[in-house]
Amino acid sequence: QMITPYLLWAEELPSFLGMDAWKSGKLADLTTLYDCAPTWRSETKNRGKYEIVPPYLCMRGGSTSSGLYDVLPPASVGQGFTSRIIFAWAGDYTKRVPVKPWTEKHKTLFEALKQDIEIISHINGPMQLSDVATVLWSDYYRYRPDPLEVFTDQRLQGFAARMPFYVKKLAVICRLSDPEPGMIIEAYHLEKAIQIIDDQSKMLHNVY
């Protein structure tokens with residue numbers, strides 16, 4: 001099946017969204033695109049009609065808490081858009097590097113990374129859980145905490161409800177990042193994904 005993949009890269013996400021993202025419908029469009037519908041249609045008075053079949057959007061952006069606050073009205077926090085994003089909180093840093101190094105070691109790592117990406121680009125077909133990973137996934141899904149137990153803040157409970165979905169997405173990324181290429185998600189890939197989500201969820205209150 002033909003798909004339409006997009007990578008949205010915004011070093012300053014608030015600049016991309018703009019101050020009118022809520023009123024203009026940009027947040028609503030991004031929320032709809034997230035669900036990867038078979039066909040996405042949009043029509044505006046000034047820009048005409050748009051149709052994408054089927055869209056797969058990956059978005060990566062940087063921001064500060066104050067930057068998000070400027071473009072996302074308080075009423076939108078916890079709604080469809082923000083609960084569909086994994087906010088990776090970097091926190092404070094203490095190491096200052098005035099000149100970034102680029103040694104032979106870095107060159108070697110860079111070439112190795114390009115080779116890995118080349119291998120990944122040729123992988124196709126469905127990902128599957130191993131038997132052990134299937135048992136782990138079933139236990140995680142059944143016995144995970146209720147969203148009310150994860151966050152007392154109601155704005156964060158939409159994200160908590162989607163955490164199992166993010167775990168599966170991250171497990172796929174962990175599988176693709178494995179030195180040994182393959183399509184079977186092992187238990188340790190799933191465990192790593194669960195750990196990443198747990199660590200990020202502890203920092204999420206800092207974002208808001």
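1. In this predicted model, Arg 84 sits in the loop that runs between helix 4 and helix 5, the latter spanning residues 104-121. Although the residue belongs to a loop, Arg 84 counts as buried because its relative accessibility is 18%, and the cut-off for that class is under 20%. Once its neighbours within four places in sequence are left aside, Arg 84 is in contact with Thr 31, Tyr 34, Asp 35, Arg 162 and Tyr 166.

2. Cys 36 deserves a look at its backbone: its phi is near 50°, which is a positive value in a residue other than glycine. Cys 36 is placed in the loop between helix 3 and strand 2, where strand 2 covers residues 40-44. With a relative accessible area of 25%, Cys 36 is classed as partly exposed. Cys 36 also appears among the residues touched by Tyr 56, to which the next point turns.

3. Tyr 56 belongs to strand 4, which is made of residues 55-61, and at 39% relative accessibility this tyrosine counts as partly exposed. Not counting residues up to four places away in sequence, Tyr 56 touches Ile 3, Thr 4, Pro 5, Tyr 6 and Cys 36. As for a distance across the model, the C-alpha atoms of Tyr 56 and Thr 152 are separated by 32 Å, and these two residues are 96 residues apart along the chain.

4. Ala 21 is found in helix 2, a stretch given as residues 21-24. Is this alanine buried or exposed? Ala 21 is buried, and its relative accessible area is 0%. When residues up to four places away in sequence are not counted, Ala 21 touches Lys 26 and Leu 27. The C-alpha atoms of Ala 21 and Val 71 are separated by 6.9 Å, while the two residues lie 50 residues apart along the chain.

5. Turning to the interior, the largest nonpolar core holds 31 residues, of which Leu 17, Leu 72, Phe 81, Val 167 and Leu 204 touch the most other members. Two or more residues are given to this core by each of strand 1 (4-10), helix 1 (13-17), helix 3 (26-34), helix 4 (65-71), helix 6, helix 8 (157-161), helix 9 (163-176) and helix 10. Helix 10 provides the largest share of the core, namely 6 residues. As background, nonpolar side chains in soluble globular proteins tend to be buried together.

6. Val 167, named above among the core residues that touch the most other members, can be followed through its own contacts. Residues up to four places away in sequence being left out, Val 167 touches Trp 137, Tyr 140, Leu 190, Ala 193, Ile 194 and Ile 197. A further distance involves Gln 195, whose C-alpha lies 9.0 Å from that of Val 167, with their positions 28 residues apart in sequence.

7. How do helix 6 and helix 10 lie relative to one another? The axes of helix 6 (residues 131-143) and helix 10 (residues 187-207) come within 8 Å and cross at roughly 30°, which makes helix 6 roughly parallel to helix 10; angles under 35 degrees are counted in that class. On the helix 6 side the contact is made by Val 132, Ala 133, Leu 136, Trp 137 and Tyr 140, and on the helix 10 side by Ala 187, Leu 190, Glu 191 and Ile 194. By residue type, this contact divides into 8 nonpolar, no polar and 1 charged.

8. Two other residues of helix 10 may be read alongside that contact. Gln 195 has its place in helix 10 and counts as partly exposed at 40% relative accessibility. Asp 198 also lies in helix 10 and is partly exposed, with a relative accessible area of 31%. The C-alpha atoms of Asp 198 and Val 150 are 9.7 Å apart in space, and the two residues are 48 residues apart in sequence.

9. For the protein as a whole, there are 10 helices and 6 strands, and the C-alpha atoms fill a box of roughly 50 × 50 × 45 Å taken along the principal axes. Of its 208 residues, 29% count as buried. The protein exposes about 14,900 Å², and carbon and sulfur atoms supply 56% of that area. Among contacts with a separation of 6 or more, 66% are accounted for by residues 24 or more positions apart.

Definitions and conventions: Residues are numbered from 1 along each chain as its sequence is written. This is a predicted model: local features need pLDDT of at least 70, side-chain atom pairs count only at pLDDT 80 or more; totals for chains, interfaces and linings use all residues. Side-chain values use heavy atoms; hydrogens and water are left out. Axes are lines fitted to C-alpha atoms, for helices over the stretch in contact, and angles run from 0 to 180 degrees between N-to-C directions. Helices (H or I, at least four residues) and strands (E, at least two) are DSSP runs, numbered from the N terminus. Angles under 35 degrees count as roughly parallel, over 145 as roughly antiparallel, 65 to 115 as roughly perpendicular and the rest as oblique. Contact means heavy atoms within 4.5 Å. Ala, Val, Leu, Ile, Met, Phe, Trp, Tyr, Cys and Pro count as nonpolar, Asp, Glu, Lys and Arg as charged, and the others, Gly among them, as polar. Buried means under 20% relative accessible area, exposed over 50%, partly exposed in between (1.4 Å probe, protein chains only). Accessible areas come from the Shrake-Rupley method with a 1.4 Å probe; for residues, only the protein chains shown count as cover. A nonpolar core is a set of buried Ala, Val, Leu, Ile, Met, Phe, Trp, Tyr and Cys residues joined through side-chain atoms within 4.5 Å.
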